[in-house]
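Me: I should like to learn how burial, helix geometry and surface patches are read from a model. Could we begin with a single element and then widen the view?

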Amino acid sequence: MAVEQPQPLRTAAGAPGDQTRIHNIGYRKYDGPRLGRSYATRSLYSQSLRGAYGLGRSIKSKVLPMLLFVVMCVPAAIMVAVAVATKAKDLPVDYTRYAIIMQAVISLYVASQAPQSVSRDLRFKTVPLYFSRPIETADYVRAKYAALASAMFVLTAAPLIVLYVGALLAKLDFADQTKGFAQGLVSVALLSLLFAGIGLVIASVTPRRGFGIAAVIAVMTISYGAVSTLQAIADAQNSSGAIPWIGLFSPVTLIDGVQSAFLGASSAFPGEVGPSSGQGAVYVLVVLGLIAACYGLLLRRYRKAGL
C-alpha cells in the first residue's frame, strides 16, 4: 500500500513576509552650524517688524499701516513747506509736541498692529511650536516687544526727521534745531516703549484680533478723554495743583508730563500747568514701571500659552 508523502506548506503569494524590503534612501545627519537662540530671536524680531508694516504679506495688510505712516508725515511736510515759503524764524510745532498732537493716529496704529503681532499666534495655537525650538519664552516676548516698539519708533520719528531736514533747508538755527530734534527722539522713544507694551498686553488677552483692536482703542481713548476732562474740571475749580497728578492715569499725558518736566517741552495740560521736577521724577518712575510691568505680564501670559 502506497503511503502518500506530505506536501510542503506554501506561503500565499503576496504575503507581507515575502514583500518586506529595507531601502537605504540616503538620509544623513545634519552636520552644519546650529545658529541657536540668538539667531531665532533675531529672525522673529525681523519678521515681526516687517509684519508691522505689512511687508511680506498681502496688499491688504499693507494698506492701513502705510496709510497711517503717510498721515503721520504729511502734516510735518506741510509745516516745513510753510516755514520755507514764509521764511519763518522757527517751526510751527516743537519736535516734542508733534507726537502729542498726532496721538490719535499713533493710538490707531498700535491698536491695529499689536493684535496682528500676537493674537494670531494665540488663535491658531502656534506658540508651543516656537518653544519647541531653542527659543524660550523670554526670547519670544523680547522679540515681539522690540519689534512693535521699533515699528512705532519708525512711525513717530519719521515726521521728526522731515521737520529737522526742512528746518535745516530753511536755514534755521542749527544748534537749536538739533537740540529740539534730539529731545523729540527721546520723547518718542519713551512713547513707543510705553504704547507698545500696553498694546501687546491688551492684545494678548484675546486671540480675536477684532476684540484686541477695540480693546486697545478703548483703553487709549477713554483714559485720555477721562484724564483731560478731570484736568479741565480741576482747572475750572482753580485746583491747579491736582492737574499734574491727574495726568499720571493716561499714557499720553504721562509722556506729556515727562517731556514737559525734563525735555523743555510746553505742556498740553490745561493752563499749561506741567509737572515740577519732583513730580516729573514720579512721571518717569511710573513710565518705567509700566514698561517693566507690561514686559512681566507678557512673560507670564506666554508661559501659560506655551504649555
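Reply: Let us begin with burial in this predicted model. In helix α11, the buried residues are Pro 251, Val 252, Thr 253, Leu 254, Ile 255, Asp 256, Gly 257, Val 258, Gln 259, Ser 260 and Ala 261.

Me: How many of the residues of α11 are buried?

Reply: Burial is read residue by residue, as under 20% relative accessible area. By that reading, 11 of the 12 residues of α11 are buried, and the helix is mostly covered. For the protein, buried residues make up 42% of 307 residues.

Me: What span should helix α11 have, and how far apart are its end C-alpha atoms?

Reply: The expected span is 1.5 Å times one less than the number of residues. For the 12 residues of α11 (residues 251–262) this gives 16 Å, which agrees with the 17 Å between the end C-alpha atoms. After α11 comes Gly 264, with a positive phi near 75°.

Me: Which residues make the nonpolar surface patch?

Reply: Leu 64, Leu 67, Val 71, Leu 108 and Ile 217 form this patch of about 350 Å². Helix α3 (residues 59–86) contributes the most, with 3 residues, while Ile 217 belongs to helix α9 (residues 209–236).

Me: Why does Ile 217 count as partly exposed?

Reply: Partly exposed lies between the limits of 20% and 50%. Ile 217 is placed in this class because its relative accessibility is 30%.

Me: What is the secondary structure of the protein as a whole?

Reply: The protein has 12 helices and 0 strands. Among contacts between residues at least 6 apart in sequence, 77% join residues at least 24 apart.

Methods: Residues are numbered from 1 along each chain as its sequence is written. This is a predicted model: local features need pLDDT of at least 70, side-chain atom pairs count only at pLDDT 80 or more; totals for chains, interfaces and linings use all residues. Side-chain values use heavy atoms; hydrogens and water are left out. Helices (H or I, at least four residues) and strands (E, at least two) are DSSP runs, numbered from the N terminus. Buried means under 20% relative accessible area, exposed over 50%, partly exposed in between (1.4 Å probe, protein chains only). Contact means heavy atoms within 4.5 Å. Patches are made of residues with over 30% relative accessible area and no salt bridge: like charges are joined within 9 Å, nonpolar side chains (Val, Leu, Ile, Met, Phe, Trp, Tyr) within 5 Å. Accessible areas come from the Shrake-Rupley method with a 1.4 Å probe; for residues, only the protein chains shown count as cover. A salt bridge is a side-chain nitrogen of Lys or Arg within 4 Å of a carboxyl oxygen of Asp or Glu.
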